Amino acid sequence: MAAQSMTLEKDGGIPPTLVPPPPTPPSSSSYLGPLAGVASPFTSAYSRFSNWKSSLGLSSPGTVENLQKEVKQTHLTNYIFDGARADLTKGLSMDPAFQVTHSFALASQTALPSYNFGAVFANPALLLQGGVSDDGHLNGRLNKQWSANNLTKVQASLASGSQAQNMIILEHDYTGSDFSVNIKAMNPSPTNLTGIYIGNYLQSVTKNLALGIETLYQRPQPQMDEINSSYLIKYTGSSKDWVATAQLQPAGIVQATYWQKLSEKVEVAAEMQLIAAPQKREAVTTLGAKYDFRTATFRAQLDSTGKVSALLEQKFAPTFAFLFAGEIDHWKNTSKVGVGVMIESTSLTPEEMGYPPQGAPQP
């Protein structure tokens, strides 16, 4: 009988016993089901917007800090000097880069004689720069590249004396494929939140046009605060050979720039600053040009206040350069002249600097 029963069960005469499967825990999607249904229209709209934006082929507009980079490199504002100066640089390492600099300045009409010692350490992800002057002024900078999109900057300046003002600046940059964001805090206080806070955003809207906004919040004292915003525009030529920018503040301040690369050796730039506030009305226009020779660079500049200035940087060797600067103010009937030298030396061997060893066959 037992054998017959087993045979019937095997042949399908008696249905097999159904064993219920073990209970399965509820998945997280079951909890998020209602939320996903509510968010679905928003995620779908964002996906369509991202696909549409990607189809435009927008490029990175750069950062607000470098909005007028080309103009600043052409004009003399960051290069002009008077008196005599000498910069002696010694390279101690190539990878990572490490060098020290001794800077001397004297006979200036606007500054006292000074000496500054500086050092720079850099690798692809980190930059450390510091300096100390003969009057005890100490400054330092740290740039940390966390990724291709994230960069953190820290700057500090410490001065001696009862009337000296110390400063620390904390900054972070995020650069997307078609936008950039920057936040900055100057002398922030975590206790009463005093300090200066700046945030800006720059977005490409077409292949050539980028629009942005910058907001500044000042809180010098806990009971005092002020907020100001400015609007930014940047237009770049299709061949990247000219750039026009403008910055507008509601208070009536406009700053506009234009830069163009005429050839591989010639660049020109113009800048206009207009103040149309009720208590002050003035405008200053500056025109400048830069010409790159084979072993020299010449910059010239003229502005509407009557100043004419020029700077020649002549390299007699890769490690030796001579500087000659001059400025004439026709309205004030004054003039300034500056001369300087830049000397670089290294303790590295030619092989360590990447040169082929002597006697080696050249390719």
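Two residues are in contact here when heavy atoms of theirs lie within 4.5 Å of each other. With that meaning in hand, the predicted model can be read outward from one strand residue, I198, which lies in strand β9. Leaving aside residues up to four places away in sequence, I198 touches N182, I183, K184 and M186, and also E214, T215 and L216. One of these partners, N182, is 16 residues away from I198 along the chain, and the C-alpha atoms of the two are separated by 8.1 Å. I198 counts as buried because its relative accessible area is 14%, and the limit for that class is under 20%.

The strands around I198 give these contacts their setting. Strand β8, residues 179–186, pairs with strand β9, residues 195–204, in the antiparallel sense over 8 bridges, and within this pairing S180 stands opposite L202 of β9. Strand β9 also pairs with β10, again in the antiparallel sense, over 10 bridges; here I196 stands opposite Q218 in β10. The connection from β9 to β10 is a hairpin that runs through 4 residues. As a general point, the side chains of a regular strand alternate between the two faces of the sheet.

Strand β10 leads on to the largest pocket, since β10 (209–221), β11 (224–236) and β12 (242–249) each supply at least two residues of its lining. The space in this pocket comes to about 440 Å³. Its lining consists of 17 residues, of which E214, S230, Q247, Q249 and Q255 are the closest to the centre. Sorted by class, the lining has 8 polar, 6 nonpolar and 3 charged residues. E214 therefore appears twice in this account, as a contact of the buried I198 and as one of the residues closest to the centre of the pocket.

Some loops deserve attention for their backbone geometry. Most residues other than glycine have a negative phi, and most peptide bonds are trans. Against that background, the peptide bond from D95 to P96 is cis, with omega near 0°, and P96 is found in the loop between β1 (83–93) and β2 (97–106). K240, which is not a glycine, has a positive phi of about 60°, and its place is the loop between β11 and β12, two of the strands that supply residues to the pocket lining. N333, also a residue other than glycine, has a positive phi near 55° and sits in the loop between β18 (320–329) and β19 (334–346). What is the relative accessible area of N333, and is the residue buried or exposed? The value is 71%, so N333 is exposed, the limit for that class being over 50%.

Seen as a whole, the chain has 3 helices and 19 strands. Buried residues make up 23% of its 363 residues, and I198 belongs to that buried class. The chain exposes about 23700 Å², and carbon and sulfur atoms supply 62% of that area. Among the contacts between residues at least 6 apart in sequence, 29% join residues at least 24 apart.

Notes
Residues numbered from 1 in each chain as written. Predicted model: local features only at pLDDT ≥ 70, side-chain atom pairs only at ≥ 80, totals over all residues. Heavy atoms only, no water. Buried < 20%, exposed > 50% of the residue type's maximum accessible area, 1.4 Å probe, protein only. Areas by Shrake-Rupley, 256 points an atom, 1.4 Å probe, with all protein chains shown as cover. 1 Å grid on protein atoms, 1.4 Å probe; cavity = no way out; pocket = protein on both sides within 12 Å on 5 of 7 lines; lining within 4 Å. Points joined across faces, edges and corners; volume = space filled by probe spheres on them. Nonpolar A, V, L, I, M, F, W, Y, C, P; charged D, E, K, R; others polar. Pairing = 2+ DSSP bridges.
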